[in-house]
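Biologist: Could you walk me through this one? I'm new to reading structures, so keep it simple.

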Amino acid sequence: MSESPDVRVSAGERERALDELSRHFSIGRLTAIEFGERAARVWEAGDRRQLAEMFADLPAPPPPTTPAIGGVGVARSAVRAGLIVLLAIVTWFGLGNPEWLLLLAAVAVTVLLYQRVRGRT
């Protein structure tokens, strides 16, 4: 069964395309500006043909550069957790109420556990 290029792009396909662009960027095939432009176009792509256009001038995807155990999922989870902690600290100082810190920490733990259960990390 061949996949039509006119099929709408899913969120998972966009994430895989961004991971592939990241690998090309990390080994120097794309500049930071090119990477940013192509990443924005990935989010705007409506179908697989538009998504494939981002890779027309690039060779086959390079192998992943992250270890198989942790991979990109762990890095994303760490960034998400860090952002939630930063938000908690800003909220704590802004409102002067330390209970917000506990609430946001609980949200961070819940999000990370949910991702682990779903197999995203």
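Biologist: Which residue's side chain meets that of glutamate 13 in a salt bridge?

Modeller: First, this is a predicted model, where local features need pLDDT of at least 70, side-chain atom pairs count only at pLDDT 80 or more, and totals for chains, interfaces and linings use all residues. Residues are numbered from 1 along each chain as its sequence is written, and side-chain values use heavy atoms, with hydrogens and water left out. A salt bridge here is a side-chain nitrogen of Lys or Arg within 4 Å of a carboxyl oxygen of Asp or Glu. At 2.6 Å, N to O, the partner of glutamate 13 is arginine 48.

Biologist: How many residues apart in sequence are the parts that this pair ties together?

Modeller: Helices are DSSP runs (H or I, at least four residues), numbered from the N terminus. Glutamate 13 sits in helix 1 (residues 11-26) and arginine 48 in helix 3, so the parts tied together are separated in sequence by 35 residues.

Biologist: Is glutamate 13 buried or exposed?

Modeller: Buried means under 20% relative accessible area, exposed over 50%, and partly exposed in between (1.4 Å probe, protein chains only). Glutamate 13 has 14%, while its partner arginine 48, at 23%, is partly exposed. So glutamate 13 counts as buried.

Biologist: Which residue does aspartate 57 meet in a salt bridge?

Modeller: Aspartate 57 is exposed, at 55% relative accessible area. Its partner is buried, at 12%. Their side chains meet at 2.9 Å, N to O, and the partner is arginine 38.

Technical notes:
Helix = DSSP H or I, 4+ residues; strand = E, 2+ residues; numbered from the N terminus.
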